[in-house]
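Could you walk me through this structure, starting with one helix and working outward? I'd like to see how the pieces fit together.

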Amino acid sequence: MAAPSALLVMGVSGSGKSTVGTLLASQLGWKFYDADDYHPEENRMKMGKGIPLNDQDRIPWLCNLHDILQRDVASGQHVILACSALKKVYRDILIQGKNGAPLKCDESGKEEKLAEVKLLVVHLTGSFEVISGRLLKRKGHFMSPELLQSQFDTLEPPSAPENFIQISVDKNLSEIIATIIETKMK
Ligand SMILES: Nc1ncnc2c1ncn2[C@@H]1O[C@H](COP(=O)(O)OP(=O)(O)O)[C@@H](O)[C@H]1O
Ligand SMILES: O=C(O)[C@H](O)[C@@H](O)[C@H](O)[C@H](O)COP(=O)(O)O
């Protein structure tokens, strides 16, 4: 496969997506998006009350992120997205648009064909104990730590034929970044 022009850093809440994505973007000089910044207020309020999001809450959010990625990649921009992307279908939407089909995700009825985003999925994996420990220490975030169990329950780890790597959150940040850069170059 050709070198990716987009990286998706995924995993449950507290797995290190924002931290890893930010560091990676500054090292590579790629544009960085944090999917959390694109949640509508209703989603934030729901999560803040300790209610997990469902497909209905997530799909428009993912479609919007797909459109943003697609626009950047089409203009030659290299991008990194930090996004939970817990289910396979969510990753399909990020890559291909709604229903995993290469269609534009708007409601206009226009079925505009889009090029697939060439993307490497980086899954940050770790135990409930390690990740909940980190979330409990993290301050100033809308996500309630009680939602972590539902994130693990929802998680469908990437598998073939997805283009992915898994990295343990037990590694330190420089090891994680080095592994991603090395994989991306292959
Ligand atoms: N590899 C790591 N080793 C130690 N601490 C980490 C690591 N990755 C992230 N952290 C810390 O864990 C917490 C959660 O990370 P964050 O990037 O906010 O996760 P996410 O974006 O997946 O919710 C933060 O306080 C961050 O500094
Ligand atoms: O799909 C979801 O349920 C949400 O995206 C959820 O994952 C939330 O956005 C983050 O987990 C909270 O932010 P952090 O991932 O930064 O904790």
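Ser26 and Gln27 are exposed, sitting on the other side of helix α1 from its buried residues. Keep in mind as you look that this is a predicted model. The buried residues of α1 are Lys17, Val20, Gly21, Leu24 and Ala25. Viewed down the axis of α1, these buried residues fall within an arc of 130°, so they line one face of the helix. The general rule behind that kind of pattern is that an α-helix has 3.6 residues a turn, so residues three or four places apart point the same way.

What do the buried residues of α1 pack against? Their partners are the strands β1 (6–10), β2 (31–34), β3 (79–82) and β4 (119–125), plus helix α7. The length of α1 checks out too: at 1.5 Å a residue, its twelve residues should span 16 Å, and the end C-alpha atoms are indeed 16 Å apart. Just past the helix, glycine 29 takes a positive phi of about 75°.

Now go over to ligand 1, which is surrounded by 15 residues. The closest are Gly16, Lys17, Ser18, Thr19 and Arg134. Two elements, α1 (17–28) and α7 (173–185), each give two or more residues to this shell, and α1 has the largest share with three residues. Sorted by class, the shell holds eight polar, four nonpolar and three charged residues. Lys17 turns up twice in this story, as one of the residues closest to the ligand and as one of the buried residues of α1.

Next, a couple of backbone oddities. Most residues other than glycine have a negative phi, and most peptide bonds are trans. Alanine 85 has a positive phi of about 40° even though it is not a glycine. You'll find alanine 85 in the loop between β3 and α4 (88–96). Buried or exposed? Alanine 85 counts as buried, because it has 28 C-beta neighbours inside 10 Å and the cut-off is 20 or more. The other oddity is a cis peptide bond between alanine 160 and proline 161, with omega at about 10°. Proline 161 is in the loop between α6 (148–154) and β5 (164–168).

Finally, take a look at leucine 148 in helix α6. Leucine 148 is buried, with 20 other C-beta atoms within 10 Å. Setting aside neighbours within four places in sequence, its contacts are Val12, Ser13, Gly14, Phe128, Ile131, Ser132 and Leu135. Leucine 148 and proline 52 are 96 residues apart in sequence, yet their C-alpha atoms are 9.1 Å apart in space.

Technical notes
Residues numbered from 1 in each chain as written. Chains lettered and ligands numbered in written order. Predicted model: local features only at pLDDT ≥ 70, side-chain atom pairs only at ≥ 80, totals over all residues. Near = placed C-beta within 6 Å. Helix = DSSP H or I, 4+ residues; strand = E, 2+ residues; numbered from the N terminus. Nonpolar A, V, L, I, M, F, W, Y, C, P; charged D, E, K, R; others polar. Expected span 1.5 Å × (residues − 1). Buried ≥ 20, exposed ≤ 12 C-beta atoms within 10 Å, placed from the backbone. Arc of directions from axis to C-beta. Contact = placed C-beta atoms within 7 Å.
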